[in-house]
Amino acid sequence: MLNPIDMYSKIKNNILDRIPQGDAFRARAPQSVDENPGETAQTGTNVPHPPVINTDATFGELIRQFEDATKRAGLPAIDLQSEQINREILAAAQRYELDPELIRALIRAESNFRPDVVSSAGAMGLMQLMPGTAASLGVTDPFDIAQNIDGGSQYLRRMLDLFDGDTSLALAAYNAGAGAVQRHGGIPPFRETQNFVPRVQSYWERNLLDLYKDSTKFG
């Protein structure tokens, strides 16, 4: 397992690897940074310098510079956080034999893809893990994207196994607890859970429909 310094370097290098080469982007040391518009001697018109990436920046600052440079270069925006969420969804789906679109739908319903959200009941992160549940799943940092998605997906897999693959009951158990589903012999009569289950299923169906529509574009 990588230590925090090695992990930081690996992530940072991955970001730097995505920076296109050429006039649109230039990597410079801090002392070389110059973001002020230049002025040509021939015409006197203001011509912006190519965006500069400070390769010695902190991780958060590096992401900000990367996104800013992308915008200034007129390139399509790249949401690095969303890309990480997507990668972790696909990895967890394979690890726990889940439909990635179901995980995506669950995250949308729980947090709307916000890794830092905390509910009034104390549920944390993308998949809204309660402290006790997170600890039982080996999640040490519920706000870490990879840990949260792995933990939430692992828990969903457990609920599906417990309720013989019944997605409605598994989602109800995810929201209200397996004990509540077992006591009531189905989806518990809690307003939150009664609304939660069809909402996730609606998002799931919409995700699958979007995938189908995309697939038809390629023959």
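In the next few minutes I will go from the overall fold to the nonpolar core and then to one residue on helix α9.

Please keep in mind that what we are looking at is a predicted model. The protein has 9 helices and 4 strands, and if we read along the sequence, the order is α-β-β-β-β-α-α-α-α-α-α-α-α, with the four strands following the opening helix. Of its 219 residues, 36% count as buried, while the accessible surface comes to about 12,900 Å², with 51% of that area belonging to carbon and sulfur atoms. As for how the chain meets itself, among contacts with a separation of 6 or more, 44% are between residues 24 or more positions apart.

Let me turn to the interior. The largest nonpolar core has 37 residues, and those with the most contacts inside it are I103, L106, M127, I149, L156, L171 and V200. Two or more residues come from each of α3 (80–96), α4 (100–111), α6 (145–162), α7 (167–176), α8 (178–184) and α9. Taking L106 as an example, and leaving aside neighbours within four places in sequence, we find this residue in contact with M127, L156, L171, Y174, F196 and V200.

Finally, I would like to look at E205, which sits in helix α9, spanning residues 191–216. Is E205 buried or exposed? E205 counts as exposed, because its relative accessibility is 55%, and the cut-off for that class is over 50%. The C-alpha atom of E205 is separated by 8.7 Å from that of L102, although the two residues are 103 apart along the chain.

Methods: Residues numbered from 1 in each chain as written. Predicted model: local features only at pLDDT ≥ 70, side-chain atom pairs only at ≥ 80, totals over all residues. Heavy atoms only, no water. Buried < 20%, exposed > 50% of the residue type's maximum accessible area, 1.4 Å probe, protein only. Contact = heavy atoms within 4.5 Å. Areas by Shrake-Rupley, 256 points an atom, 1.4 Å probe, with all protein chains shown as cover. Core = buried A, V, L, I, M, F, W, Y, C linked by side-chain atoms within 4.5 Å.
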